[in-house]
Amino acid sequence: MYCVQEIAPKIFWVGGSDRRLELFENMFPLPNGVAYNSYLIMDEKTALIDTVDRSIGQIYLENIIHVLGGRELDYLVVNHMEPDHCANIDEIVRRYPNVKLVGNQKTFQFMEQFYEMDMTKNYLEVKEGDELSLGSHNLRFYSAPMVHWPEVMVTYETTKGILFSADAFGSFGAHSGNIFADEVDEIDVAEARRYYSNIVGRYGTQVQALFKKVGGLEINMICALHGLIWRGEKISFILDLYDKWSRYEPEKKGVVLVYASMYGNTENAVHVLANKLAQRGIRDMHMYDVSKTHSSFIIADLWKYSHVVFASPTYNMHLYFVMDTLLKDLSVLNLKNRKVSLIGNYSWASAALKSMKEQIEKMQGMELVGEPIDIRSALKPEGEQEIDKLADAIAASFN
Ligand code: FEO
């Protein structure tokens with residue numbers, strides 16, 4: 001049975017949700033599932049904007065068949081060639097052999113890399129600013145390279161001011177009937193942030209470039225490929241968040257304490273520090289064990305808050321590898337502009353602190369706060385002064 005919504009006159013949401021998938025991109029946990037959005041415009045010509053993941057292919061095809069009501073599909077606009085959106089292109093071409101696939105040169109290069117089926121006769125190549133009239137609706141195409149792949153375009157419907165934004169402004173989380181951000185009881189900002197920071201986070205500069213490109217357009221609705229549709233006052237809500245996130249600017253002051261600990265000694269030192277920070281008036285603190293919490297949740301909080309404490313033991317004369325992986329991930333994601341404090345731990349050869357320091361120093365705009373502490377096996381009362389000093393330095397840096 002089809003499951004669609006008309007989101008604007010003659011423009012239909014024809015996507016769906018998947019709550020069964022455990023890991024997005026086989027990496028990121030999906031406690032609340034994920035939505036794959038696709039949109040179908042019915043006019044003198046019909047145009048589908050992107051497809052969906054293979055997992056919901058059947059309901060997706062039912063949706064399209066229902067909305068088309070026996071008409072032909074004239075265009076399939078391919079804003080993004082990642083398989084969670086392009087997985088049904090070949091099936092669409094089999095069912096609608098005259099459909100024109102609208103994309104750019106890179107789109108078609110990727111199409112040929114992913115598909116064996118020859119679809120070259122269906123190609124309609126567009127360039128920056130090109131327009132496609134569907135009758136009363138009109139589409140204009142803008143390239144948005146590396147938001148999140150190089151071929152990405154966004155499509156602007158000029159008569160209604162609707163931006164089909166590909167991955168930009170998307171979120172993790174399946175739909176629960178309400179597909180507009182202004183309809184839900186509470187927007188799950190944490191899942192939007194986790195999606196942004198982990199999936200698009202590396203490409204802040206490119207997101208800013210997209211902002212410049214579409215900044216002068218009248219935008220009444222933003223239709224991303226994942227998550228809720230943004231309209232009305234919710235547009236500035238998500239634009240403001242994306243602007244902060246893509247400039248690597250913390251949303252608020254707070255301390256994220258991230259530790260690795262084999263037997264609880266490094267963990268204890270972090271608790272002692274957090275306790276002292278609390279006594280100095282620091283209120284917004286979040287603590288994570290890197291071996292327990294999936295890195296995507298930690299990374300999302302690091303995008304949100306101003307301060308971070310990394311604490312880790314030495315392992316095999318290197319940095320404990322789960323912490324090492326997290327720091328490498330943060331470096332790849334280009335996290336910048338945070339205040340960082342460090343605690344290492346070792347029993348016979350110190351390596352963790354040095355490695356953490358080197359990795360943080362290579363990242364842009366990171367400010368080391370306080371004197372790094374290197375514990376020998378376990379924090380003792382005689383080491384309390386060092387922790388006090390570090391707590392003082394962190395608290396002072398809040399002002
Ligand atoms: Fe949801 Fe970059 O794909």
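A residue is called buried here when its relative accessible area is under 20%, and that cut-off is needed to read strand S14, which spans residues 153-157 and has five of its five residues buried. In this predicted model, both faces of S14 are covered, since Met153, Thr155 and Glu157 on one side and Val154 and Tyr156 on the other are all buried. The split into two groups follows a general pattern, because in a regular strand the side chains alternate between the two faces of the sheet.

The setting of S14 is an open sheet of six strands in the order S12-S13-S14-S15-S16-S17, in which the pairing is mixed. The edges of this sheet are strand S12 (131-133) and strand S17 (230-231), each of which pairs on one side only. S14 is joined to strand S13, residues 138-143, in the antiparallel sense over five bridges, and within this pairing leucine 139 has glutamate 157 of S14 as its bridge partner. S14 also pairs with S15, again in the antiparallel sense, over three bridges, and here tyrosine 156 stands opposite leucine 163 of S15. The hairpin formed by S14 and S15 has four residues between the strands, and glycine 161 takes a positive phi near 70° there. The parallel component of the sheet can be seen between strand S15 (residues 162-164) and strand S16 (residues 221-223), which pair over three bridges, with cysteine 223 in S16 as the bridge partner of phenylalanine 164.

Seen as a whole, the protein chain has a secondary structure of 12 helices and 24 strands, and its C-alpha atoms fill a box of roughly 80 × 40 × 35 Å along the principal axes. Buried residues account for 56% of the 399 residues in the chain. One pair of residues gives a sense of distance within the model: glutamate 131 and glutamate 358 are 227 residues apart in sequence and 49 Å apart in space, taken from C-alpha to C-alpha. Glutamate 358 belongs to helix H11, residues 352-362, and is partly exposed because its relative accessible area is 39%, a value that falls between the limits of under 20% for buried and over 50% for exposed.

Another covered strand is S22 (residues 339-346), in which seven of the eight residues are buried. Seven bridges join S22 to strand S20, residues 305-315, and these two strands run parallel; in this pairing alanine 311 stands opposite isoleucine 343 of S22. S22 is also joined to strand S23 (residues 367-368), by two bridges and again in parallel, and the bridge partner of valine 340 in S23 is leucine 368.

Where do the residues with the most contacts inside the largest nonpolar core lie in the sequence? They are Ile89, Ile92, Val258, Phe310 and Met323, in a core of 97 residues. Helix H5 gives the most to this core, with six residues. Because domain 1 (5-246) and domain 2 (255-397) both give residues to it, the core lies between them. As a general background, nonpolar side chains tend to be buried together in soluble globular proteins.

The two domains also share the lining of the largest pocket, to which each of domain 1 (5-246) and domain 2 (255-397) gives at least three residues. About 390 Å³ of space lies in this pocket, and of the 20 residues that line it, Met27, Phe28, Asn198, Ser295 and Asp329 are the closest to its centre. Helix H5 (189-200), helix H9 (295-304) and helix H10 (321-332) each supply at least two residues of the lining, with H10 giving the most, at five residues. By residue type, the lining divides into 11 nonpolar, six polar and three charged.

Two loop residues deserve a look for their backbone angles. Most residues other than glycine have a negative phi. Glutamate 25, however, has a positive phi of about 55°; this residue lies in the loop between strand S4 (23-24) and strand S5 (28-29) and is partly exposed, with a relative accessible area of 33%. Asparagine 334 likewise has a positive phi, near 65°, and is placed in the loop between H10 and S22, where its relative accessible area of 27% makes it partly exposed.

Methods:
Residues numbered from 1 in each chain as written. Heavy atoms only, no water. Pairing = 2+ DSSP bridges. 1 Å grid on protein atoms, 1.4 Å probe; cavity = no way out; pocket = protein on both sides within 12 Å on 5 of 7 lines; lining within 4 Å. Points joined across faces, edges and corners; volume = space filled by probe spheres on them. Nonpolar A, V, L, I, M, F, W, Y, C, P; charged D, E, K, R; others polar. Domains from an automatic or database assignment. Core = buried A, V, L, I, M, F, W, Y, C linked by side-chain atoms within 4.5 Å. Buried < 20%, exposed > 50% of the residue type's maximum accessible area, 1.4 Å probe, protein only.
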